Structure formats: C-alpha cells, structure tokens
Amino acid sequence: MADLRTNFLGIKSPNPFWLASAPPTDKKYNVERAFRAGWGGVVWKTLGEDPAVVNVNGPRYGAIHSGDRRLAGLNNIELITDRPLELNLQEITEVKKAWPDRALVVSLMVPCEEPNWNSIIARVEETGADGIELNFGCPHGMSERGMGSSVGQVPEYIEMVARWCKAATRMPVIVKLTPNITDIRYPARAARRGGADAVSLINTINSIVAVDLESFAPVPTIDGKGSHGGYCGPAVKPIALNMVAEIARDRETFGLPISGIGGIENWRDAAEYIALGCGTVQVCTAVMTYGFKIVEEMIDGMKKYMDGHGFSTIEDFRGLAVKNISDWKYLNLNYIAKAKIDQELCIKCGRCHIACEDTSHQAITHMVDGIRRFEVKDEECVGCNLCVNVCPVDGCITMEPMAPGSVDPRTGRVVPAEYANWTTHPNNPSAIAAE
C-alpha cells in the first residue's frame, strides 16, 4: 500500500493534504475536528497584531455556480482573524501538543516593519508551531493598509521581509504568493533571494463575481455597496497550475519547495499539483463546500492511484510532469491528429457540427446522403479538438494521430516522422536570419 507520509522542509505530516489558511483553520475547535477527519496538516488562519482587525458583519461571500448548482468559484471579502492574538497563540500551543504528528504552520501578516515581524514571530515560535507562512497574497482589505498583496506585488519587499523573518526564527519560512501579478516568477525569485524555504500559491484573485441587477451593487452587498474580493475554488485551478509550473521549471527557482493551492477538490487535483512539483497541497474552498471528510476520498483515491502506478511514496511521482511543460516554440509541428466520431456513441445532438461550422473550420457534416449524421471531413480538420470539448458524451469524439508516412488530406503532404518546431521553421523570420 502506498505511503502518503510527507516531509516538507522538515515538517512531517501523515499525508500531503493540508488545510489552507482560511476560516476552516481559524480556531482550535475546527483544527482538531479536521485532524480527527484525517488532514495531515493545517496553516492556521492568518494572525495579525492586536487590536484584532474588524471584519464586516454582513455577507462575506459571493459565488459562481455551474448549471447544476455546483460551486465553481467563491469570492470573499473576509479579512484575517478577528480573534485576539493571545487566544490564537494559546490554542495553537494546545493543538500542537495534542497532535504532534500533524503539520501546524502559522500564517502571519503585520505591517511592513522589521520590529513588527520580529515581535510576532517570537511569540509564534513559543507555541511550538512547525513553521510560518508569510501572507503576501490577500488582495482585499489588508492590502489597502499596506499588507497582503500590496507587499506580494513588489518583489523587493518580498525579499526584504523574507530576509527579516529568516533571521528572526528557527522555523521554516514559507512565502505565500499573490496571483495578482503579471509574471509569478519574479516574486518567487525574490522569495528565494530573501532566503525563504518555500513558496505557497496561489492566494485569491481580485474579483467581482456578480452585480445585483436590482440594487446595482456588487455581490456580496453590504448595505447597498460592494467591494472587490478574493476569488478561489475550482475555477482558479488552471491559473494556479500554470503558476506552479512556471516556478517549477524556472532556472532561478528550480528546486524551490512548493505547497500548491487553488481549486483542489479531490485526489486527482492534488496529484496534478504534486506531478508539477508540489510537496504538499492546501485545500480551502472544497472544505467550505463539502466539509472536512472530503479528505477521506483524497487519501483513499491517492493511495489507489499510487498503487496502480507502482508509486510507493509521494516522491516517486512528484515533479514528473515538469519536464513535459514546454514553450510553444518547441512543440512538434509534425505531430498531426484528426478528430474521429464514434457513430455508436453519437447522440446526434449536433453540438460538434455547430461549433465547428460557426467558429472553426467547417470540418464536420450534419447530413450524409439525406440522413442526419455527423462525420469529420479529414480534408478540412486541423485537429483543434474543439469538437471533443463541446461533445456531451465522454469518449464519443477522440483525436487520432496520423502515422508518419501517411498523407494529410488537408495539406496533401506526407506526415514526417522527424520532430520539427518553430525555431527552425522556414516561415520563422528568426530562423531565416540565423541561417
């Protein structure tokens, strides 16, 4: 049976599934219930200085739902913990003593002054916590006070504060990055220069999820007004995966430990983050939607996946996908594929034809010999696979690669066996200049 135990920066946990800093990790009551459910670790909801921050007393969340009412994205305007610092520290101490085998990292956010960071780190260290996570990602409320993403958007600040914190503690320092930046590699590089032991990402994305067309105010609405918030949930996973991949394959951050965050709902989501190099994953929205027990499926599913592929430990497949991430210019231009429709599975809804006819390459029929029938016209198909993605029947339309030596009916050219890319293509002005 696969062994899910992890050792991230020396922080050991029975599995890679941690709860992210958020409402589910705001107090001892929640964290202990999470541990009993099976979570391997938590990042305690962000602590700040006293007096505690003041949260709104009205709605804090907005949501995007899919057609079946499934929560696709969640927006929040909640700030860091609004409980007294001393109470949080006391509970962290108690929880760590009671659960020594679980990872307990504390998220922190204070004004961008070295004495402020030194002071709170010293108090956190006394709790016996395993590490600290610097919250440089929260995009609302606190950022307006010079904290959170207002720090995370300035690499020089990240480097400076990370260096302060590393000098002030024995604990591992994780920098939580904001996605509200053009190129995630720059803040990650800054974190490494500052001596951070790891990065975690992504924090939430600036967003307004909806406007109430009766009150004409953003959602959530507080007494007739709304504000931008932080967006998370399944909808942000593709953005987060790309940012993780950029850091994992960047020359200046290669090998930097990563804790992956963003839209993780099940074992498969988690496995994708691990395949991109993450040592642990952090979950929030899924727990807020389905409860702590979803970790049971994550543990069971991950073990079955690993057993099925012969992976004994997380390290056996961590980062295996990184080598297969490429710049566009290196993709094989001699790889040619055509769509193929399984007539036995086709329900004749016509969505493939409409999508291809109206928006792509007019490569799918809707009538053959006077009968409603959908077939791919190979002489027109460019292999874009839009039809695969709009088809409601799983496996009905597949992409079939053409064998080297065969003739592409669209171009009339023989499919080459050798690899070729844009860097040497004759239409590339740079390639011509290089010759």
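This short talk goes through one sheet, one helix and a few unusual backbone positions in a predicted model.

Let me begin with the sheet, which is open and has four strands in the order β5-β6-β14-β11, paired in an antiparallel way. For those new to this, the strands of a sheet pair through backbone hydrogen bonds, and the pairing can be either parallel or antiparallel. At the edges of our sheet stand β5, residues 61-65, and β11, residues 205-207, and because each has a single partner strand, one side of each is left without a neighbour in the sheet. Neighbouring strands here are turned against each other by 35° on average, if we ignore direction. If you look at the edge strand β11, you will find that three bridges join β11 to β14, residues 229-232, and that the two run antiparallel; within this pair, Ile-205 stands opposite Tyr-231 of β14.

Now to helix α8, which covers residues 267-275, and of which seven of the nine residues are buried, so that the helix is largely enclosed by the rest of the structure. Which residues of α8 are buried? They are Trp-267, Asp-269, Ala-270, Ala-271, Tyr-273, Ile-274 and Ala-275. The elements that cover these buried residues include the strands β3, β15 and β16, together with the helices α7 and α10. At the N-terminal end, α8 is capped by Asn-266, where a side-chain oxygen lies 3.1 Å from the backbone nitrogen of Arg-268. Just after the helix, Gly-277 takes a positive phi of about 110°.

That brings me to the backbone itself, where, as background, most residues other than glycine have a negative phi, and most peptide bonds are trans. In this model, however, the peptide bond from Asp-50 to Pro-51 is cis, with omega near 0°, and Pro-51 sits in the loop between β4 and β5. A cis peptide bond also joins Leu-201 and Ile-202, with omega about 10°, and Ile-202 belongs to the loop between β10 and β11.

Finally, there are two residues to point out for their phi values. Gln-362, which is not a glycine, has a positive phi of about 50°, and you will find Gln-362 in the loop between α11 and β18. Asn-385, again a residue other than glycine, has a positive phi near 70°, and lies in the loop between β19 and α12. Are these residues buried, partly exposed or exposed? Gln-362 has 35% relative accessibility and therefore counts as partly exposed, while Asn-385, at 29% relative accessibility, also counts as partly exposed.

Technical notes:
Residues numbered from 1 in each chain as written. Predicted model: local features only at pLDDT ≥ 70, side-chain atom pairs only at ≥ 80, totals over all residues. Heavy atoms only, no water. Pairing = 2+ DSSP bridges. Axes fitted to C-alpha atoms, helices over the stretch in contact; angles between N-to-C directions. Buried < 20%, exposed > 50% of the residue type's maximum accessible area, 1.4 Å probe, protein only. Contact = heavy atoms within 4.5 Å. Polar contact = N/O pair within 3.5 Å; in protein donor to acceptor, adjacent residues only side chain to side chain.
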